[in-house]
Amino acid sequence: MTLLPPNSTPVERSIEASVARISDVPVPLRQLVNPDTCPPGQLPFLAWALSIDTWDSDWPDTIKRARVRSAISIQRRKGTAASLREVVASFGGAVAVREWWQLTPPGPAHTFSLVVSLDGIVRPEASAAYADAVISEVARTKPARSHFTFSQALSTAGALGFVAAARPAVHARLMLAA
């Protein structure tokens with residue numbers, strides 16, 4: 001069945017025939033919009049569709065997928081302390097947020113401080129450019145009237161090892177004669 005009029009040209013009929021087969025091409029939409037199953041080459045397009053402002057092709061795949069996975073919930077709560085925590089967590093870091101009223105004595109109104117640890121999950125990527133990306137994303141997510149100070153924490157982990165050496169002990173039995 002055709003929708004073309006009877007006086008259509010051969011070019012129009014061949015275009016119709018080629019377009020008719022386009023519906024046979026499989027398009028796995030559920031896989032393309034899921035950040036866990038999306039092919040790595042398609043992640044930037046998914047990020048653009050979810051309005052992610054900061055994107056770097058040098059980030060590891062885990063960070064890219066975490067940024068896409070948390071995009072909707074960040075946008076939903078944008079301007080809150082919870083969204084700031086989620087932004088830093090999507091970069092693989094941990095954050096401590098202290099707002100002006102939580103300080104002793106209280107700080108200037110509508111200010112907060114962030115202490116961010118980018119170690120742990122993303123240790124190789126914790127460079128200055130990576131920290132700048134976190135700062136710029138926090139600046140986009142914070143309340144518009146607020147100002148913040150950013151501190152980057154370094155955390156280290158170590159293990160204690162105990163080394164013991166056995167000394168041979170000589171036991172002598174003393175025989176006492178009574």
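1. At 55% relative accessibility, V27 counts as exposed, where exposed means over 50% relative accessible area, buried under 20% and partly exposed in between, with a 1.4 Å probe and protein chains only. V27 sits in the loop between helix 1 and helix 2 (29–32); helices here are DSSP runs of H or I with at least four residues, numbered from the N terminus.

2. This is a predicted model, in which local features need pLDDT of at least 70 and side-chain atom pairs count only at pLDDT 80 or more, while totals for chains, interfaces and linings use all residues. Residues are numbered from 1 along each chain as its sequence is written, and side-chain values use heavy atoms, with hydrogens and water left out.

3. V27 is also one of the residues of a nonpolar surface patch of about 670 Å², which is made by V11, I15, V19, I22, V25, V27 and L29. Helix 1 (residues 10–20) gives the largest share of this patch, three residues. Such patches are made of residues with over 30% relative accessible area and no salt bridge, nonpolar side chains (Val, Leu, Ile, Met, Phe, Trp, Tyr) being joined within 5 Å and like charges within 9 Å; the accessible areas come from the Shrake-Rupley method with a 1.4 Å probe.

4. A search of the whole structure finds six salt bridges, a salt bridge being a side-chain nitrogen of Lys or Arg within 4 Å of a carboxyl oxygen of Asp or Glu. One of them joins R65 to D61, with the closest N and O atoms 2.9 Å apart, and both residues lie in helix 4, four residues apart, about one turn of the helix. R65 is buried at a relative accessible area of 11%, whereas D61 is partly exposed at 34%.

5. In another salt bridge, R77 pairs with E86, the closest N and O atoms being 2.2 Å apart. R77 is partly exposed, with a relative accessible area of 36%, while E86 counts as buried at 19%. Elsewhere, D53, R67, E137 and R140 are joined into one network by salt bridges that share partners.

6. Within that network, R67 forms a salt bridge with E137, and their closest N and O atoms are 3.5 Å apart. Because R67 lies in helix 4 and E137 in helix 7, the pair ties together parts that are 70 residues apart in sequence. R67 counts as buried at 2% relative accessibility, and E137 counts as buried at 7%.

7. R67 and E137 also appear in the lining of the largest cavity, together with S51, I52, A71, I74, Q75, K78 and T141. About 60 Å³ of space lies in this cavity, and the count comes to one cavity of 30 Å³ or more. A cavity is a set of points on a 1 Å grid over the protein atoms alone where a 1.4 Å probe fits but cannot get out, and its lining residues have an atom within 4 Å of a point.

8. The lining divides into three nonpolar, three polar and three charged residues. Helix 5 (71–76) and helix 7 (128–141) each supply at least two residues of the lining, and the largest share, three residues, comes from helix 5.

9. S51, one of the lining residues, is found in the loop between helix 3 (43–49) and helix 4 (61–69). S51 is partly exposed, with a relative accessible area of 44%. The C-alpha atoms of S51 and I72 are separated by 8.9 Å, although the two residues are 21 residues apart along the chain.

Conventions. On a 1 Å grid over the protein atoms alone, a cavity is a set of points where a 1.4 Å probe fits but cannot get out, and a pocket is an open set with protein on both sides within 12 Å along at least five of seven lines; lining residues have an atom within 4 Å of a point. Grid points are joined across faces, edges and corners, and a volume is the space filled by probe spheres set on the points. Ala, Val, Leu, Ile, Met, Phe, Trp, Tyr, Cys and Pro count as nonpolar, Asp, Glu, Lys and Arg as charged, and the others, Gly among them, as polar.
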